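Here's a quick tour of a protein with its ligand, starting at the binding site and moving on to how some helices pack. Have the viewer ready.

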Amino acid sequence: KTVCVTGASGFIASWLVKLLLDRGYTVKASVRNLEDPKKTEHLLALDGAKERLSLFQADLLKPGSFDKVVEGCDGVFHTASPFFIHSANPQEELIDPAVKGTLNVLSSCSKVPLMKRLVLTSSVVALMYSGSPLTPEVVVDENWFSDQAFCKETKLWYPLSKTLAEEAAWKFVEEKGMDMVTINPAMVIGPLLQPTLNTSAAAIFRLINAPTYPNITLGCVHVKDVANAHILAFETPSASGRYCVAESVVHMSELVQMLRKLYPSFKLPDKCSDDTPIVKYQFSKEKARSLGVNYTPLEEGIKETIESLKEKRYF
Ligand code: NDP
């Protein structure tokens with residue numbers, strides 16, 4: 001079977017390419033810049049890459065850019081999307097590449113009649129910001145949709161980009177009669193295959209030597225479980241709709257505690273950045289479990305993240 005992975009040089013996608021090659025797939029992978037060895041070397045070094053991986057250059061904002069990559073594919077995993085939190089120009093830097101890029105990829109897919117399914121990497125941020133209060137009893141599940149107006153008012157630009165992209169994708173596939181499943185992961189942790197520091201690994205890395213920890217509660221999930229969820233979503237004919245993928249929900253103070261226990265020599269903050277009340281909530285694990293997703297315990301994921309950053313000489 002031949003499948004396509006967009007944004008293959010990224011944190012999640014690199015693991016996805018690795019697991020797909022391990023399972024015997026032939027992979028057509030897109031990267032934004034083929035000339036940059038930091039984006040390609042780790043992919044070309046994967047087991048099976050010589051025989052079954054081909055790389056293509058494609059930009060989310062260039063119409064038709066993905067035609068050649070998706071051609072002849074049984075399935076497409078669309079992961080490419082800008083992921084960063086602070087942006088001076090969110091429309092140009094986050095929203096356009098997410099939304100127009102997704103429609104660009106989908107439009108290329110719609111020209112491949114034999115394609116069975118598209119798996120879109122969305123996010124829990126496309127479902128949790130509905131405007132409803134988040135409390136410890138609340139279980140956020142796949143029926144939730146983030147509210148665009150709420151995201152705009154609260155300047156949640158990255159969540160807005162993911163919400164708009166997912167909504168546009170559902171509308172497009174409905175109109176064209178295409179089969180799509182979305183994976184909506186929480187913050188993804190675990191070992192890095194790529195040499196560069198991605199946003200979610202950076203959130204852990206930045207706690208070390210920081211004066212305070214941010215007053216943020218987030219869901220966490222291991223990168224291998226997320227990559228596996230994508231593959232299960234493609235391979236399971238009955239898979240449908242959205243899959244929220246989150247192992248646990250923790251406040252940053254709990255992550256700091258865990259790091260302190262695992263690495264007593266690290267200099268870690270004891271104070272929170274502000275004293276507003278801590279928000280706590282839960283994510284539903286049921287639907288992803290029914291797909292066969294197993295969750296690696298959080299502590300293991302945190303340890304593997306740090307060990308991988310050490311190996312890559314971030315310390
Ligand atoms: P990365 O930043 O590692 O990967 C993002 C990928 O998107 C990169 O390959 C990047 O290419 C590519 N990309 C961005 N802009 C463009 C563009 N204009 N044209 C072509 N490619 C582009 O992040 P992650 O692996 O963490 O994220 C992958 C996906 O998972 C994203 O859709 C993200 O929203 C989603 N996600 C991530 C979570 C996490 O905690 N990591 C949680 C939930 C969802 P380049 O390397 O050239 O910049």
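## Around the ligand

The ligand has 26 residues around it, and the closest ones are Arg32, Thr79, Tyr158, Lys162 and Val188. Bear in mind that this is a predicted model.

What's the make-up of that shell? Its residues split into 12 nonpolar, 10 polar and 4 charged. As for where they come from, three elements each chip in at least two shell residues: helix H1 (11-22), helix H7 (157-176) and strand E8 (187-189).

## Polar contacts and burial

Which atoms of the protein pair up with the ligand's oxygen and nitrogen atoms? Take isoleucine 12: one of its backbone N or O atoms sits 2.9 Å from a ligand oxygen. Serine 9 uses its side chain instead, with an N or O atom there 3.2 Å from an oxygen atom of the ligand. Serine 200 deals with a ligand nitrogen, which lies 3.0 Å from a polar atom of the serine 200 side chain.

How much of the ligand does the protein bury? On its own the ligand would expose 890 Å², and the protein buries 90% of that.

## H7 and H1 beyond the shell

Two of the helices that supply shell residues, H1 and H7, also turn up in the helix packing. Two packed helices are described by the angle between their axes and the distance between those axes.

H7 packs with helix H5 (residues 90-109) at an angle of about 20 degrees, and the two axes are 9 Å apart. Angles under 35 degrees count as roughly parallel, so H5 and H7 are roughly parallel to each other. The handedness of the H5 and H7 crossing is right-handed.

H1, for its part, has helix H9 (residues 223-235) as a partner: their axes come within 9 Å and cross at roughly 60 degrees. Why does this pair get called oblique? The roughly parallel class takes angles under 35 degrees and the roughly perpendicular one runs from 65 to 115, so at roughly 60 degrees H1 and H9 count as oblique to each other. H1 passes H9 in a right-handed crossing.

## One more helix pair

Helix H10 (residues 252-262) and helix H12 (residues 298-311) make another pair, with axes that come within 11 Å and cross at roughly 65 degrees. That makes H10 roughly perpendicular to H12. Here, too, the crossing is right-handed as H10 passes H12.

Key. Residues are numbered from 1 along each chain as its sequence is written. This is a predicted model: local features need pLDDT of at least 70, side-chain atom pairs count only at pLDDT 80 or more; totals for chains, interfaces and linings use all residues. Side-chain values use heavy atoms; hydrogens and water are left out. A residue is near a molecule or strand if one of its heavy atoms lies within 4 Å of it. A polar contact is a pair of N or O atoms within 3.5 Å; within protein, one must be able to donate a hydrogen and the other to accept it, and residues adjacent in sequence count only if both atoms are side-chain atoms. Accessible areas come from the Shrake-Rupley method with a 1.4 Å probe; for residues, only the protein chains shown count as cover. Helices (H or I, at least four residues) and strands (E, at least two) are DSSP runs, numbered from the N terminus. Ala, Val, Leu, Ile, Met, Phe, Trp, Tyr, Cys and Pro count as nonpolar, Asp, Glu, Lys and Arg as charged, and the others, Gly among them, as polar. Axes are lines fitted to C-alpha atoms, for helices over the stretch in contact, and angles run from 0 to 180 degrees between N-to-C directions. Angles under 35 degrees count as roughly parallel, over 145 as roughly antiparallel, 65 to 115 as roughly perpendicular and the rest as oblique. A crossing is left-handed if the near helix is turned anticlockwise from the far one by less than a right angle, and right-handed if clockwise.
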